[in-house]
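Please open the model in your viewer and keep the sequence panel beside it. The tour below moves from one selection to the next and says what can be found at each stop.

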Amino acid sequence: MTDVISSRSDPQVQRIDDLVRRPRAATRTLLVEDPEPLAHALTAGVEVLGIYAVEGADVGPELGAAARTRGVTVQEIATALWNELFRGDRKPDVVGVAKTPRPAKLADLAERTGDVVVLDGVRIVGNIGAAVRTAYALGAAGVVLVDSDLANPLDRRVVRASRGYVFSLPVVLASREEAVTGLRELDLPSVAFDASGDLVTADLAGLAERLLLVFGSEKRGASAELTAGARTVSIPMRSAAESLNVSVAVGIALGARAARNLAS
């Protein structure tokens, strides 16, 4: 650690303040909160410009080792100044400033081998982040967000909810028109999830080819444009249960596909 930063006029503090005040703005740098997402960002090759901790905080062995390996300095900021920077209910102890990676594109998914998860109209950021984390863990090629209401797939909330795995997996923002055209060019068979599907999730294990796995929001389901020609799959459950959280449904589907996706 270097000397504790205590000046409001320090350029590093000003940069953090700007990112805190404009959390959803498209900028060349982004703020990554908490040790685990920061460690994953470093491991994924994201260029982290600096790591900052409130005075006396422990960044943990994993982040400390990753920072040393990549020559990134960890600096402390005085508690009073830290409290000025982070005024909300959720106050991190550790943050990093990183260069914003190039946005993933639908064409990037063509070079990969796993299934593609499509979230159509899913706007709850916690669900998006959990689905990204699951998709990475279970070997998916990437996640496509359609009508997500996000300006940036690396939104701080998504980074937190995915525990940083959003840096290790292509996550593509697309309009409905872009998604329909781009996913058609991938030329993958698609399956959509429906309570009265022709298949059940156990049948997914027997499908050898890559798939588009299309999930809609719990209220509206997936759009007709993205499910045209898709085979339908249902998740067996109690009839009294109306639906599952979309991130849970993603986990069940990818669990059925894990042997294929992880092997590839």
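Is Arg220 buried or exposed? Select Arg220 in this predicted model, and look for it in the loop between β10 and α8. Arg220 counts as exposed because its relative accessibility is 76%, where the cut-off for that word is over 50%. Now add Ile124 to the selection: 96 residues separate Ile124 from Arg220 in sequence, while their C-alpha atoms are 13 Å apart in space.

Stay in the loop between β10 and α8 (224–227), and move the selection to Ser223. With a relative accessible area of 14%, Ser223 is buried, since the limit for that class is under 20%. If you display its surroundings and set aside the neighbours within four places in sequence, Ser223 is in contact with Asp120 and Arg176.

**The sheet of seven strands**

Next, colour the open sheet of 7 strands, whose order is β7-β6-β5-β10-β8-β11-β9 and whose pairing is parallel. At its edges stand β7 and β9 (199–200), and each has a single partner strand, so one side of each is left without a neighbour in the sheet. Then select β5 together with β10 (residues 212–216), which pair in the parallel sense over 5 bridges; within this pair, Val118 has Val214 in β10 as its bridge partner. Helix α7 (residues 176–186) packs on this sheet, where it touches β5, β6, β7 and β10, and its direction makes about 130° with that of β7.

Select residues 125–137 to bring up helix α5, which has 13 residues and reaches 18 Å from its first C-alpha to its last, close to the 18 Å expected at 1.5 Å a residue. Within α5, show the side chains of the buried residues, which are Val125, Asn127, Ile128, Gly129, Ala131, Val132 and Ala135. As a general point for reading such a list, an α-helix has 3.6 residues a turn, so residues three or four places apart point the same way. The buried residues of α5 pack against strands β5 (116–120), β6 (142–146) and β7 (171–174), and also against helices α6 (156–161) and α9 (246–263). Following α5 along the chain, you come to Gly139, whose phi is positive, near 85°.

**The sheet of four strands**

Turn now to the other sheet in this tour, an open one of 4 strands with mixed pairing and the order β1-β4-β2-β3. Here β1 (29–33) and β3 are the edge strands, each with a single partner, so one side of each is left without a neighbour in the sheet. From one strand to the next, the twist averages 25°. Add helix α1 (residues 11–21) to the view, and you will find that α1 lies across β1, β2, β3 and β4, running at about 85° to β1.

Which strand of this sheet is largely enclosed by the rest of the structure? Select β2 (residues 48–54): 6 of its 7 residues are buried, and β2 is therefore largely enclosed. On one pairing, β2 runs antiparallel to β4 (residues 94–99), and 5 bridges join the two strands. To see this register, pick Ala53, whose bridge partner in β4 is Val94, and then Val48, which stands opposite Ala98 in β4.

β2 also pairs with β3 (residues 74–77), here in the parallel sense and over 4 bridges. Val54 stands opposite Ile77 in β3, and Ile51 stands opposite Val74 in β3. If you trace the chain from β2 to β3, you pass through helix α3 (residues 61–69), and this β-α-β crossover is right-handed. Both faces of β3 are covered, with Val74 and Glu76 buried on one side and Gln75 and Ile77 buried on the other.

**The nonpolar cores**

For the last stop, keep Ile51 selected and display what surrounds it. Beyond residues up to four places away in sequence, Ile51 touches a set that includes Leu38, Leu42, Leu63, Ala67, Val72, Val74, Val94 and Val95. The largest nonpolar core has 67 residues, and Ile51 and Leu119 are those with the most contacts inside it. Apart from that core lies another, of 18 residues, among them Val118, Leu212, Val214 and Leu226.

Technical notes. Residues are numbered from 1 along each chain as its sequence is written. This is a predicted model: local features need pLDDT of at least 70, side-chain atom pairs count only at pLDDT 80 or more; totals for chains, interfaces and linings use all residues. Side-chain values use heavy atoms; hydrogens and water are left out. A nonpolar core is a set of buried Ala, Val, Leu, Ile, Met, Phe, Trp, Tyr and Cys residues joined through side-chain atoms within 4.5 Å. Buried means under 20% relative accessible area, exposed over 50%, partly exposed in between (1.4 Å probe, protein chains only). Contact means heavy atoms within 4.5 Å. The expected span of a helix is 1.5 Å times one less than its number of residues. Two strands pair if DSSP finds at least two bridges between them. Axes are lines fitted to C-alpha atoms, for helices over the stretch in contact, and angles run from 0 to 180 degrees between N-to-C directions. A crossover is right-handed if, with the strands pointing away from the viewer, the path from the first strand over the helix to the second runs clockwise.
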